[in-house]
Amino acid sequence: MENIVLESTKFVIDNSKYIKIDLNKIKEFCNDFGESHINHWINESPFDFNKLSEKERLHFLLVFNSISFSYWGQPKWEVEYKGEKFDGAFGMIASIGKAIENKKSILDSKYLKDISEKELEEILKGNIIIPLFESRLKILNEIGTILIKYFSGDFSKLIKKSDRDALKLLDLILKYFPSFNDFSSYKGKTIYFHKRAQLLISDIHQLFNGKNYGNLKNFDKITACADYKLPMVLRKLGVLKYSKELANKIDRKMEIIRNSEEEVEIRANTIWAVEFIKQELNKKYSKINSAHINDHLWLLGQVKSSKDKPYHLTKTIAY
């Protein structure tokens, strides 16, 4: 059983005109990569998951990955938590964590099914209204409704239904939760990415240290998650080479339209760059998988420098 994400994105790699992967830069990166670089990104998050039961952790990951997408804008959405300011994914984790601490039932399917605009505004309150707010509200209502309808409000029942197989779990998430469906059309072919669904599976596997809910066979077939930060970091490392036209658009912060050839190529080349890195690293470390590399690159993207070039801007619920 293979991952359709890897299969379908290969066509994009073979036909890309805006981006190329530099295999020499991949070797340089791999020479500097050590086992100490393996660190799940949630280990750096502002919220302490040890406060939660195992089932609550599972529901936290579902809620978070359901509405973690497209945070960019001017100014950027930002929240305050325990005296610090957070944006992006860490801002979302902080917001959900704060809601739990304030006794809001954000992890309960009935609450999600009926959560109102006003309630969600309060939970996600920051310096500005979060981008795509209405989409996030609709998704949470949908998640709650589906959990109640098919799984008695318990996400762990879907895990059980997957027979603890990461690829079956991916199929089930896509089958029951349509907002996780993430695909594009490229030169007449359908290209699958499933960023948020794969990240949810990766987070489950890693937060539970491969045990209990995280004990998933075929996890090594989960690919990197094509988002904003990974291609930015891979470009900085010289692994992704952009055409002059695309580089200018990104550097001038022009929006890259969702499902355009440029956007599809950015995402597909990101997945395969990580796949090539994994293949190279597996010569030294047999247990390195795409999720390990994904998290390392994402955490590198959190280290900001004034010399950094921007990430591409695409308005989407996919990532």
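**Exercise 1. Count the helices and strands of the chain, then judge its overall build.**

Step 1. The chain has 14 helices and six strands. Both are DSSP runs, numbered from the N terminus: helices are H or I with at least four residues, strands are E with at least two.

Step 2. Take the radius of gyration, computed over C-alpha atoms. The chain gives 19 Å, close to the 20 Å of the globule rule for 319 residues, so it is as compact as a globular protein of that length. The rule is 2.2 Å times the number of residues to the power 0.38.

Step 3. Add the spans. Along its principal axes the C-alpha trace covers about 50 × 45 × 40 Å.

Before going on, note the ground rules. This is a predicted model, where local features need pLDDT of at least 70 and side-chain atom pairs count only at pLDDT 80 or more, while totals for chains, interfaces and linings use all residues. Residues are numbered from 1 along each chain as its sequence is written, and side-chain values use heavy atoms, with hydrogens and water left out.

**Exercise 2. State what share of the residues is buried and what share of the contacts is long in sequence.**

Step 1. Of the 319 residues, 57% count as buried. Buried means under 20% relative accessible area, exposed over 50%, and partly exposed in between (1.4 Å probe, protein chains only).

Step 2. Look at contacts with a separation of 6 or more. Residues 24 or more positions apart account for 75% of them. A contact means heavy atoms within 4.5 Å.

**Exercise 3. Describe the surroundings of asparagine 289.**

Step 1. Locate the residue. Asparagine 289 sits in the loop between helix 13 (261-281) and helix 14 (290-301).

Step 2. Check its exposure. Its relative accessible area is 9%, so asparagine 289 is buried.

Step 3. List its neighbours. Leaving aside residues up to four places away in sequence, asparagine 289 touches Phe219, Asp220 and Lys278.

Step 4. Find its polar partners. A polar atom of the asparagine 289 side chain lies 3.1 Å from the backbone nitrogen of alanine 291. The backbone nitrogen of histidine 292 is also 3.1 Å from a polar atom of that side chain.

**Exercise 4. Is lysine 17 buried or exposed, and what does it touch?**

Step 1. Lysine 17 is in the loop between helix 1 (4-15) and strand 1 (19-21).

Step 2. Its relative accessible area is 52%, so lysine 17 is exposed.

Step 3. Not counting residues up to four places away in sequence, lysine 17 touches Ser243, Glu261 and Glu265.

Step 4. Compare sequence with space. Lysine 17 and tyrosine 242 are 225 residues apart in sequence, and 9.1 Å apart in space, C-alpha to C-alpha.

**Exercise 5. Give the exposure and contacts of glutamate 262.**

Step 1. Glutamate 262 lies in helix 13.

Step 2. With a relative accessible area of 8%, glutamate 262 is buried.

Step 3. Among the residues it touches are Tyr18, Glu245 and Lys249.

**Exercise 6. Which residues does the cis peptide bond join, and what is the phi of serine 152?**

Step 1. The cis bond joins glutamine 74 and proline 75, with omega about -5 degrees. Proline 75 lies in the loop between helix 3 and strand 2 (78-81).

Step 2. Serine 152 is not a glycine, yet has a positive phi of about 50 degrees. Serine 152 is in the loop between helix 7 (133-151) and helix 8 (156-161). Its relative accessible area is 61%, so serine 152 is exposed.

Note on methods
Polar contact = N/O pair within 3.5 Å; in protein donor to acceptor, adjacent residues only side chain to side chain.
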